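Okay, everyone, thanks for squeezing me in. Let me put the structure up and then walk you through it piece by piece.

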Amino acid sequence: MAHKLKLHCDNVSKTFIQKGNQEVPVIRDVTLDVYENEFLVILGPGQCGKSTLLKIFAGLETPDTGYVTLDGQPIVGPGPDRGIVFQGYMLFAWKTVRDNVELGLKLRNIPKSERRDIGQHYIDMVGLTGFENHYPHQLSGGMKQRVGIARAYANSPNIMLLDEPFGQLDAQTRMFMQKETARIWEQERRTVIFVTNNIDEALYLGDRIILMEGKLPGTIKTSYDIDLPRPREHTNIDLLKLRATITDNTELVL
Amino acid sequence: MAYKEVTVKQPLLLTVLPYVSIAAFFIVWEFAVSSGVIPNELLASPSQVVSTFIDKLSNPNPDGAVMATHAWTSVQEAFIGYLLALLVGIPLGLAMGWFNVVEGLFRPIFELIRPIPPIAWIPLTVFWFGIGLAGKVFIIWIAGIVPCVINAYVGVRMTNPTLIQMARTYGANDWQIFTQLCIPSSLPMVFGALQLALAYCWTNLVAAELLAADSGLGFLITMGGRLGRPDIIVLGMICVGISGAIIGFIIDRVEKKLLAGIRR
């Protein structure tokens, strides 16, 4: 696959200072290439630095060593070219679905009528038509995260960064949201980096899975290409074989 | 999503109990005074207070003003002081919460002034403002500004840090984050301040009216003391209590209306 390089992460390391003076190495020497329109999943158990890595891509953390580029430009801070979907939804409780989705557009002073059109398009895309004037507390968890996804898409980012977006959902809703994510991705191709600790989610969604070590500091253990047709079935035999391979590999670590 | 509306029945006892409690309180009080268990020079009975109240509606004696004048004076003083406290205190608190420079400038001074009870300002107030309206308003302002600053400050400080990060990734600058995120999310705390500040203002009213005055509910209480008239003292106290409760109730309703969309 001779795809165009989208995001390049070069030898990135990060250490946090904890309780004032304890050094906690979180990420060590992570080098990673993400290609255009690729659905990349970063898979790892809790506390393996994967969210920190995503935060570095988002520009919310700066690496101690190494650098990250997006379309050849170094990432120096947060910006609207990267659309981020947070685990805890992070919606404005005092704004309606529509106003939440239009947040980024409004911050960039897009005229109201244009904002409406773009906002409505993505509200429809995530299946929230009819809920435009609802407030977040009136929505279920899955619907809240749909708002989060629509909000990220509406800002027309270059790349989508999803940080365990379905971590707070129940298993049923989670599976359904995975299906929806795949559908949306097919509909509006974007480069996606999707962080999760759920192996089935990773297999269902990813073009490629980056498996991280199960301990700090986080390093990339290995990567798997998933060359299976979509829409996928969780019970597909090739998928299950790959699942077994990854699980074996993970257990060696634990 | 409309749900069927049903009336939820509360046990009769629970509905009646508050009224019973109030009625019992007044009956015991009335009986204690009229039977002489508590001498009439020490406490007036409820019936005496009511008749004094009716008398004071039209009779300016012995303290120099009718009820309406007392009430109006107090409400005026309290509200001017209260509004000024809100106008200065809330913006100051919000700014202290977000801008480190503002916090650095005002926090130490504020922390020094905060523990001083408003009454302690009375002598200086007389020097500065004389004994007119301005002095009383100043005392009430001092009382009201403290909860305004603290609540607004804490409200901004409690803004979810991940929400702030989220806003940054959507390209919001510091000012946009402050006005569009921190201020709305601090509103529940700020509304709490409206209640608290009013309570502080209203309770310091009596103290403010210890300054020479010729009308006001606090003045009425003081005069009742000087004249040895427990019925006037109790009347003043009850008026301060009831009007404070009414104002608090109104603010509570307004708050619930305005916050309907914010509370989860």
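Before I get to how the chains meet, one definition: I call two residues in contact if their C-beta atoms, placed from the backbone, lie within 7 Å. And please keep in mind that this is a predicted model.

So, the interface. With that cut-off, 14 residues of chain B are in contact with 19 residues of chain A. On the chain B side, helix 7 (161-169) and helix 8 (174-203) each supply at least two of the touching residues. The largest share comes from helix 7 of chain B, with six residues. As for chemistry, that side of chain B divides into six nonpolar residues, six polar and two charged.

Next, the core. The largest nonpolar core has 118 residues. The residues with the most contacts inside this core are Phe57(A), Ala150(A) and Ile193(A), along with Ile140(B), Ala197(B) and Cys201(B). And which element gives the largest share of this core? That would be helix 6 of chain B, residues 133-157, with 14 residues.

Let me zoom in on Cys201(B) for a second. Setting aside neighbours within four places in sequence, Cys201(B) is in contact with Ala78(B), Gly81(B), Tyr82(B) and Ala85(B), and also with Ile140(B), Ala143(B) and Gly144(B).

Gly144(B) is a nice link back to helix 6 of chain B, since there's a kink of about 25 degrees at Gly144(B), shortly before the proline Pro147(B). End to end, this helix of 25 residues reaches 36 Å from first C-alpha to last, close to the 36 Å expected at 1.5 Å a residue. Helix 6 of chain B is also mostly covered, with 20 of its 25 residues buried.

Compare that with another helix in the same chain. Helix 11 of chain B, residues 230-259, has 30 residues and reaches 43 Å between its end C-alphas, close to the 44 Å you'd expect at 1.5 Å a residue. Which of its residues are buried? The list for helix 11 of chain B is Pro230(B), Asp231(B), Ile232(B), Ile233(B), Val234(B), Leu235(B), Gly236(B) and Val240(B). What covers those buried residues includes helix 2 (46-56), helix 9 (205-208) and helix 10 (217-227) of chain B.

Two single residues in chain B while we're here. Thr125(B) sits in helix 5 of that chain, residues 122-129. Buried or exposed? Thr125(B) counts as buried, because it has 21 C-beta neighbours inside 10 Å. Leaving out neighbours within four places in sequence, its contacts are Gly135(B), Phe138(B), Ile139(B) and Leu211(B).

Then there's Val8(B), in the segment before helix 1 (12-34) of chain B. Val8(B) has 4 C-beta neighbours inside 10 Å, so it counts as exposed. Val8(B) and Met158(B) are 150 residues apart in sequence and, C-alpha to C-alpha, 36 Å apart in space.

Over to chain A, and the sheet. Here we have an open sheet of four strands, in the order 2-1-4-5, with antiparallel pairing. Strand 2 (22-35) and strand 5 (73-74) of chain A are at the edges with a single partner strand each, so one side of each has no neighbour in the sheet.

Strand 1 of chain A, residues 5-18, is joined to strand 2 of chain A by ten bridges, running antiparallel. One of the pairs is Gln18(A) with Gln22(A). These two strands form a hairpin with three residues between them, and Lys19(A) in the turn has a positive phi of about 50 degrees. At the other edge, two bridges join strand 4 of chain A, residues 65-70, to strand 5 of chain A. There, Leu70(A) has Gln73(A) as its bridge partner.

Last stop: helix 5 of chain A, residues 141-154. Its 14 residues should span 20 Å at 1.5 Å a residue, and the end C-alpha atoms are 20 Å apart, which agrees. Twelve of the 14 are buried, so helix 5 of chain A is largely enclosed by the rest of the structure. Among the buried ones are Lys144(A), Arg146(A), Arg151(A) and Ala150(A), and you'll remember Ala150(A) from the core list.

What do the buried residues of helix 5 of chain A pack against? Within chain A, the partners are strand 6 (82-85), helix 2 (97-101), helix 3 (103-107), helix 4 (112-125), strand 7 (159-163) and helix 6 (171-187). After helix 5 of chain A comes Ser156(A), with a positive phi near 40 degrees.

That's my tour. Happy to rotate things around if you want another look.

Methods:
Residues are numbered from 1 along each chain as its sequence is written. Chains are lettered from A and ligands numbered from 1 in the order in which they are written. This is a predicted model: local features need pLDDT of at least 70, side-chain atom pairs count only at pLDDT 80 or more; totals for chains, interfaces and linings use all residues. A nonpolar core is a set of buried Ala, Val, Leu, Ile, Met, Phe, Trp, Tyr and Cys residues joined through C-beta atoms within 7 Å. Ala, Val, Leu, Ile, Met, Phe, Trp, Tyr, Cys and Pro count as nonpolar, Asp, Glu, Lys and Arg as charged, and the others, Gly among them, as polar. Two strands pair if DSSP finds at least two bridges between them. The expected span of a helix is 1.5 Å times one less than its number of residues. The bend at a residue is the angle between axes fitted to the seven residues ending there and the seven starting there.
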